[in-house]
Amino acid sequence: MSLDAYIAGLPKAELHLHIEGSLEPELMFELARRNKVAIPFDSVEAVRAAYDFSNLQDFLDIYYAGARVLLTEEDFHDLALAYFRRAAADNVRHAEIFFDPQTHTDRGVPFGVVAEGLLAGMKRAERELGVTSKLILCFLRHLDEHAAFDTLHQAEPWLDRIEGVGLDSSEIGHPPSKFQRIFERAGQMGLKRVAHAGEEGPPEYVSEALDLLHIDRMDHGNRSMEDEALIERLAASQMTLTVCPLSNLKLCVVKDLKDHPVPEMLRRGLHVTLNSDDPAYFGGYMNDNYRRLAEAVGLTREQVTRMAKNSFEGSFLSGGERAARI
Ligand code: ADE
Ligand code: ZN
């Protein structure tokens, strides 16, 4: 069996997926028409042609603009279901998906519209596709602590159906320390905690995410590889890293997939998983990330199997639930 076919057949969990980043241009156009929202593109091809990014901020500007077509519960339901259908085709059995409520509430879309729509899509995906999922509320780190507290307050009626909180958006200039108190509060409320760290930001941000935010899982973590003591710490604690190769390529975190740090991370004993981040913008879903990285750096079948196993071990499924997914 070829490695590609082996990858396709492996059960996998996706742990780093921004649901707004799964908005394909075709659905963007459909929702723009349905909601009578103007978008600055003439065609699906023109949208795809605009997806040429030099860094994270370049991408975020377009990603937030794209999200403007999402207005109703039905829109969020359709967005989620489209992602789960695509993920199921890649044999993703479980997904822990991020959403950015502030991107929507700041445009006047109520928190409940976003949450109810996504939760309905998640429920339907479990029923129709057998893909289970959990929801992670991300705070936008370019906004302030007060806005994050306000968002957590708005989320209160849905917190029994939200697994945890995360931290995303522009990393440089917005260190984890800015969100220490909201993460402390989320921990007291029994929520899991994850954060993007070391995508563009320095290793010090990774240490802060560990020491000040007390994260249960780290998103990206690439720049940890610049700090020997940090590598040893991450290996010793078996902290799960949700690494996103095609995202790293598109956002110029790596110049070439051949330079990707995953082989070195695995060699150093880090608990690495592969994920698609914002697949509609970065040109590939789960299996594309595995295949293209495998081709570029020469992953072995054992390494691929290890990362797929890590994805279930690093998930927030309980032991029993986990066994039922594999
Ligand atoms: N929001 C969506 N994708 C992101 C990424 N890769 N990094 C930070 N914030 C994001
Ligand atoms: Zn991300």
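**Figure 1. Close-up of N91, in the loop between α5 and β2.** The structure shown here and in the following figures is a predicted model. N91 is not a glycine, yet its phi is positive, at about 60°. Most residues other than glycine have a negative phi. With 16 other C-beta atoms within 10 Å, N91 is classed as partly exposed, because that class lies between the limits of 12 or fewer for exposed residues and 20 or more for buried residues.

**Figure 2. Close-up of Q238, in the loop between α11 (228-237) and β7 (240-243).** The phi of Q238 is near 50°, a positive value in a residue other than glycine. Is Q238 buried or exposed? Q238 counts as exposed, because 12 C-beta neighbours lie inside 10 Å.

**Figure 3. Close-up of strands β1 (residues 12-18), β2 (residues 92-99) and β3 (132-140).** β1 and β2 pair in the parallel sense, over five bridges. Within this pairing, K12 stands opposite V92 of β2, and the bridge partner of H18 in β2 is F98. β2 is also joined to β3 by six bridges, and these two strands run parallel. In that pairing A95 stands opposite S133 of β3. Both β1 and β2 are mostly covered: seven of the seven residues of β1 are buried, as are eight of the eight residues of β2.

**Figure 4. Close-up of A13, in strand β1.** Why does A13 count as buried? A13 counts as buried because 29 C-beta neighbours lie inside 10 Å, where the limit for a buried residue is 20 or more. Leaving aside neighbours within four places in sequence, A13 is in contact with V92, R93, H94 and A95, and also with S311, F312 and S315. A13 and P279 are 266 residues apart in sequence, and their C-alpha atoms are 15 Å apart in space.

**Figure 5. Close-up of the residues around ligand 1.** The residues that surround the ligand are H18, G21, L56, Y63, D168, S169, H196, E199, S247, D277 and D278. By class, this shell comprises two nonpolar, five polar and four charged residues. One of the surrounding residues, H18, is also the bridge partner of F98 in the pairing of β1 with β2.

**Figure 6. Close-up of helix α2 (residues 25-35).** The buried residues of α2 are P25, L27, M28 and L31. These residues lie on the same side of α2, because they cover an arc of only 155° around the axis. They pack against α3 (44-49), α4 (56-66) and α5 (73-89). The face of α2 turned away from the buried side carries the exposed residues E26 and R33. The helix is followed by K36, whose phi is positive, near 55°.

**Figure 7. Close-up of helix α8 (residues 145-155).** Which residues of α8 are buried? They are A148, T151, L152 and A155. Seen down the helix axis, these buried residues fall within an arc of 100°, so they line one face of α8. The elements that cover them include α6 (101-105), α7 (111-129), β3 (132-140) and α9 (180-188). On the face turned away from the buried side are the exposed residues H146 and H153.

**Figure 8. Close-up of the largest nonpolar core and of its member A209.** How many residues make up the largest nonpolar core? The core has 90 residues, of which I19, A80, F99, L118 and A209 touch the most other members. When residues up to four places away in sequence are not counted, A209 touches P176, A195, A197, I215 and M218.

**Figure 9. Close-up of T300, in the loop between α15 (286-297) and α16 (301-313).** T300 is exposed, because 12 other C-beta atoms lie within 10 Å, and a residue is exposed at 12 or fewer. T300 and P263 are 37 residues apart in sequence, and the distance between them in space is 10.0 Å, C-alpha to C-alpha.

Methods. Residues numbered from 1 in each chain as written. Chains lettered and ligands numbered in written order. Predicted model: local features only at pLDDT ≥ 70, side-chain atom pairs only at ≥ 80, totals over all residues. Near = placed C-beta within 6 Å. Nonpolar A, V, L, I, M, F, W, Y, C, P; charged D, E, K, R; others polar. Helix = DSSP H or I, 4+ residues; strand = E, 2+ residues; numbered from the N terminus. Pairing = 2+ DSSP bridges. Core = buried A, V, L, I, M, F, W, Y, C linked by C-beta atoms within 7 Å. Contact = placed C-beta atoms within 7 Å. Arc of directions from axis to C-beta.
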